[in-house]
Amino acid sequence: MRYRLDYLEELESEAIYIIREAYAQFERPCILFSGGKDSITLCHLAAKAFAPAKIPFTLVHIDTGHNFLETLQYRDELVSRMSATLVVGSVEQSIREGKVAEEKGLYASRNRAQTTTLLETLEMYGFDAALGGGRRDEEKARAKERVFSHRDEFGQWDPKNQRPELWDIYNGRKHAGEHFRIFPISNWTELDIWMYIRKEGIPLPSLYFSHQRSCIRRGNTILANSEFVKLQEKDEVMDLQIRFRTIGDLTITGAIISSASNVDEVIDEVILSRQTERGMRADDLRSEASMEDRKREGYF
Amino acid sequence: MQQQTMSEIKTILRFITAGSVDDGKSTLIGRLFYDADFIPEDQLEALRSASERKGLQATDLSLYTDGLRDERIQGITIDVAYRYFSTKNRKFIIADTPGHIQYTRNMVTAASSANLAIILIDARKGVTEQTRRHSYIASLLRINHVIVCINKMDLVEYNETRFQEIVKDYMDFASKMDIADIQCIPVSAIHGDNIVKRSDRMLWYQGATLLYTLENIHVVNDTNHLDLRIPVQTIIRSPEFPDFRGYAGKIVSGVLRVGDELTVLPSGLSSRVVGIDTPSGKVVEAFAPQTICISLDQDIDISRGDMLVRQQNLPEVTQEIDAMVCWFGISALKVGNKYILRHTTKEVKAIIKDLVYKVNLADLKREHEVSGFNTNDIGKIKLRVTSPVMCEPYRINMATGSFILIDEGTNHTVAAGIIV
Ligand SMILES: Nc1nc2c(ncn2[C@@H]2O[C@H](COP(=O)(O)OP(=O)(O)O)[C@@H](O)[C@H]2O)c(=O)[nH]1
């Protein structure tokens, strides 16, 4: 008999250990819930980490006001299923209160504005640690972020001055006003997430599976057609059979043409696919360093 | 599920790459990903356009692992970047570490979670001070497997004699260290020889390619399954289940069974295990590195930082620690300095009693006349902690043999410690 864990069990165990460390080391930790599969997986892991007790984390949703209906429905169902507490930070409200300006121009989005609302929400509720579903394989800047990632009193990340992270000993010590971002699934890839979702039978928003939708074709990008997206001159509106690989703000989340209608088919597609998930996000395409710039300011 | 044979389950292999600046680490990883078809199309496109902007003709594969903006501008790698790829039987986690002297701390950091190290040597330069330094760190952190890639073979006419010369040099010096398994591969990262595809320019080399070696290397199970150690992370209670009281933590070593009599350290109280919850449900037996939640037959006083063990197999409970440390701090480590020491899930205060010696990383000799350790120094110290820690030597148990030191003023992690 061999005592060995397979890779998904090892990743799961690692994540649960980190989630429990976050709980034990901080006074008011929360989970940043985006409605996407990574934060859904994170919630699932957090529930396991404290079963049979309820999850000891408030869920925080930073709402750009440009949501898929499915995301909000799913969110509310999840909150009631987990008997969790939900806090919504509204970007719309931050804009109305003049705390951040609405972006103008052709590629205007509320992506960057989210940072202001996020930091304000954390401060308002006194959260000193925010668990997120960020993964290192998503993007270059994320590839070197720590699991326990320090933020100064302005919420900023200093990528050149990160604390070394040794073994599984996490240092969450901080001064008043500072906080931590914690990434329990740092070492998971997109495929790992899907394999785990299949193994655990985690329900997902229908957006992740193939469906017919009125879409806007803009160059290589396919966006959902909605009141929030301003049509541009060369845009084409058409019905397409699509699914989403990531779910975020409706105005920047690109869809892919797909007939994958269940988890098995999605897994086959992910294995074959030659594009990274974030490759479809307009926010990252702006410049090579854009994710890093946003992260320095305090973005997710 | 947990009792399948090794070939049936997909496991994780964590490795690091180390070498001096310009030995070709970034190119090697880029080549590995490129030839094995692990680079997604859009990232490849980004690589091509970045190479073009730099006025290069061929795609510069080294750009693939260069992450942050400053590094891209300076053209060097300055921190630890993580990469992932997967083959049928293994998921690989790579920590890409820099070669600069001042970044020893990053190599130590990356090495602390690796089971294998790839060490690069430039075939023209042979074994250098950096090679020795990196190999020493790998052995200090007990990385049991080292693959030495002798790179830029194209610049020495793919010459076998040169390769053998370097192998002999390396083996001569490595024999003084504690590395279980060393394999040497002649490669050319830039042209792809022996990375994923066998080289037809080095037919004299009979061994395997780098990728094949990574996929098939038999990783001795580094996990200690003999000595049961469970540092308690937190206690789980719930108003809905008033009778439930679970002790949550990770089995860092050993095997735990329902019915076991556990001793709590440092209190010495004991109680019997009546239930074990794992992420996959209730079990009668659990093992390292599973995270678990334990129910005991009696309520006894247990809190975070305590350790659950078996009475007949105890770790040392001590306030005096001898350790090798790698110093990361900006200001020097000196006798009399006080720090916070974090060991497993426990935090105590520590005072430095003695600096025994410093290792000269150039020749690996011990220097006994030391007044302080500066950033990136490695050496042996003695320290005393305010309350007992449950520990044992790192070579017997990595989890109970490791700690970090934290500066109380800045909260920075200033040292990695290895108990001897
Ligand atoms: N001729 C030759 N040049 C190489 C080889 N591998 C890397 N280089 C070059 O050596 C330089 C340093 O490589 P890089 O991967 O950036 O090194 P790093 O600093 O170790 O990451 C670059 O100019 C590479 O093109 C090789 O196998 N042969």
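Here are four short exercises with worked solutions on a predicted model of two chains, A and B.

Residues are numbered from 1 along each chain as its sequence is written, and chains are lettered from A in the order in which they are written. Because this model is predicted, local features need pLDDT of at least 70, side-chain atom pairs count only at pLDDT 80 or more, and totals for chains, interfaces and linings use all residues, while side-chain values use heavy atoms, with hydrogens and water left out.

**Exercise 1. Find out how confident the predictor is in chain B, and where caution is needed.**

Step 1. Start with pLDDT, the predictor's confidence in each residue, from 0 to 100. Chain B has a mean of 90, and 93% of its residues reach 70 or more.

Step 2. Now look at residues 1-6 of chain B, where the pLDDT is below 50. Beyond near neighbours in sequence, this stretch has 15 contacts in the model, a contact being heavy atoms within 4.5 Å. Where pLDDT is low, the predicted coordinates should not be read in detail.

Step 3. For the model as a whole, note ipTM 0.91 and pTM 0.92.

**Exercise 2. Describe the interface between chain B and chain A.**

Step 1. Count the residues: chain B brings 84 to the contact and chain A brings 64.

Step 2. Take the buried area, which is the accessible area (1.4 Å probe) that two parts lose on being put together, summed over both. Here the value is about 6800 Å², with carbon and sulfur atoms giving 52%.

Step 3. Turn to the polar side. The interface has 29 residue pairs in polar contact, both residues at pLDDT 80 or more. A polar contact is a pair of N or O atoms within 3.5 Å; within protein, one must be able to donate a hydrogen and the other to accept it, and residues adjacent in sequence count only if both atoms are side-chain atoms.

Step 4. Add the salt bridges, each a side-chain nitrogen of Lys or Arg within 4 Å of a carboxyl oxygen of Asp or Glu. The rule finds 6 of them across this interface.

**Exercise 3. Follow R14(B) to its salt-bridge partners in chain A.**

Step 1. One partner is E10(A), with the closest N and O atoms 3.0 Å apart. Another is E14(A), at 2.9 Å.

Step 2. Place the second pair: R14(B) lies in strand β1 (residues 11-18) of chain B and E14(A) in helix α1 (residues 7-25) of chain A, so this salt bridge joins two chains. Helices (H or I, at least four residues) and strands (E, at least two) are DSSP runs, numbered from the N terminus.

Step 3. Check accessibility. Both R14(B) and E14(A) are buried; buried means under 20% relative accessible area, exposed over 50%, and partly exposed in between (1.4 Å probe, protein chains only).

**Exercise 4. Compare this with salt bridges inside a chain, then visit T131(B).**

Step 1. In chain A, R151(A) and E145(A) meet at 2.9 Å, N to O, and both are buried.

Step 2. In chain B, E320(B) and R384(B) pair at 2.2 Å. This pair links strand β16 (residues 316-327) to strand β20 (residues 378-391), 64 residues apart. E320(B) is partly exposed at 45%, and R384(B) is partly exposed at 34%.

Step 3. Finish with T131(B), found in helix α5 (residues 129-140) of chain B. T131(B) counts as buried because its relative accessibility is 4%. Its side chain reaches the backbone nitrogen of T128(B) at 3.0 Å, and the residues T131(B) touches include I119(B), Y170(B) and F173(B).

Technical notes. Lists of a residue's contacts leave out its neighbours within four places in sequence.
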